[in-house]
Amino acid sequence: MTRTFVCHAADVPANGMKQCETKGGLRLLVAHSGEQYYAYQAICPHQDVPLCEGLYDGSVLTCHQHLWQWDIKTGAALGLAEAPLEYFEVKLEDGAIYIVPPNALKMAELFAGINGQTLEGIIAIARREEYDEGTTLYRVGDPVEDLYVLESGRVNFVIGREDRTTPAGFMLRKGEVFGWAALLDNQPQRIAAATCLEKSSLLRVNGREVLKLLEADPASAFAVMRRLAALVTRYLAASGAK
Ligand code: FES
């Protein structure tokens, strides 16, 4: 997995923060909280003000200019803030802090904004699998068990009914969830087909296990189900399925 060196952990004060720049010129704010390091955009999302000039108490970051605030563990907007911070996934290795490409589940629109612990639970049960070009992941009518998130590569997704499918499919983007029938009640068979158009890396998660995690967190479950309804409607409308 590609990783980019940011700084040495020793350079960041305990429960403090520091602005760093990668070799490629990416400026980041690195913050320490408890046992963890977090990396965010270096500049306030409101105006051109470096966040390292702000106030940080070890859990909440405040921009000194207009007092926008963020939760350092998630980058979520607090109080007056009107936008979250752009988050970078951090890896700590041998005392060095790197940023790594985010887990595709964290980019998935379907799970955006859900409770961090619930999302980590879903990430923990996901399996990464690689498929060759031309692999059919499932066909209309196949039994439903897992849902998928595209990590890299290209997948064509075609909505269908019985043995028919719509002529044109959808090219899925990185972070897009498909196979979402695994989250629907009374839907034991696939209603779409999915095929890899090139070598693709996917995260694969058992639908029943995801539902169990969501049942324990009704607020996140409600958010996911609302997005799922919108997603299904969007695909059905765009495919012309009746
Ligand atoms: S510039 Fe940061 S809150 Fe306005």
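Five aromatic residues, Tyr138, Tyr148, Phe157, Phe178 and Trp180, form one aromatic cluster, and in this predicted model that cluster is a convenient place from which to start reading the fold. A search of the whole structure finds 8 aromatic pairs. One of them joins Tyr148 and Phe178 in a stacked arrangement, with 5.2 Å from centre to centre and 10° between the planes. Because Tyr148 belongs to strand β13 and Phe178 to strand β17, this pair ties together parts that are 30 residues apart in sequence. Both partners are enclosed: Tyr148 has a relative accessible area of 2% and is buried, while Phe178 is counted as buried at 0%.

The surroundings of Phe178 show how the cluster continues into its nonpolar environment. Leaving aside neighbours within four places in sequence, Phe178 is in contact with Leu137, Tyr138, Leu147, Tyr148, Leu150, Val155, Phe157, Leu172, Ala194 and Leu202. Phe178 is also among the residues that touch the most other members of the largest nonpolar core, a set of 43 residues, together with Leu105, Phe111, Leu137, Val155 and Phe157. Helix α4, residues 218-239, gives the most to this core, with 6 residues. Apart from it lies another core, of 16 residues, which includes Tyr38, Val49, Trp68 and Trp70.

A charged residue also approaches this region, since that is where the next chain of contacts leads. Glu176 sits in the loop between β16 (170-171) and β17 (177-178). Is Glu176 buried or exposed? With a relative accessibility of 10%, it falls under the 20% limit and so counts as buried. Not counting residues up to four places away in sequence, Glu176 touches Tyr148, Val149, Leu150 and Tyr235, and Tyr148 is the residue that stacks with Phe178.Strand β13 leads on to the sheet pairing around strand β19. Of the 7 residues in β19 (residues 200-206), 6 are buried, which leaves the strand mostly covered. Strand β13, residues 146-152, runs antiparallel to β19 and is joined to it by 6 bridges, with Asp146 standing opposite Asn206. Strand β11, residues 127-131, also pairs with β19 in the antiparallel sense, here over 5 bridges, and Arg128 stands opposite Leu203.

Another enclosed strand is found earlier in the sequence. In strand β3, residues 27-33, 6 of the 7 residues are buried, so the strand is largely enclosed by the rest of the structure. Strand β2 (residues 17-21) runs antiparallel to β3 and is joined to it by 5 bridges, and Cys20 stands opposite Leu28 in β3. The hairpin of β2 and β3 has 5 residues between the strands, and Gly25 takes a positive phi near 90° there. Strand β4 (residues 36-41) is likewise antiparallel to β3, with 6 bridges joining the two, and in this pairing Leu29 stands opposite Tyr40. The hairpin of β3 and β4 has 2 residues between its strands, and Gly34 in the turn has a positive phi of about 65°.

Two arginine side chains, finally, are placed over aromatic rings. Arg190 lies over the face of Tyr138, at 4.1 Å from the ring centre, and Tyr138 is itself a member of the aromatic cluster described at the outset. Arg3 lies over the face of Tyr98, at 4.0 Å from the ring centre.

Conventions
Residues numbered from 1 in each chain as written. Predicted model: local features only at pLDDT ≥ 70, side-chain atom pairs only at ≥ 80, totals over all residues. Heavy atoms only, no water. Core = buried A, V, L, I, M, F, W, Y, C linked by side-chain atoms within 4.5 Å. Buried < 20%, exposed > 50% of the residue type's maximum accessible area, 1.4 Å probe, protein only. Helix = DSSP H or I, 4+ residues; strand = E, 2+ residues; numbered from the N terminus. Contact = heavy atoms within 4.5 Å. Pairing = 2+ DSSP bridges. Phe/Tyr/Trp six-rings, centres within 6.5 Å; stacked < 30°, edge-to-face > 60°. Lys NZ or Arg CZ within 6 Å of the ring centre and 35° of its normal.
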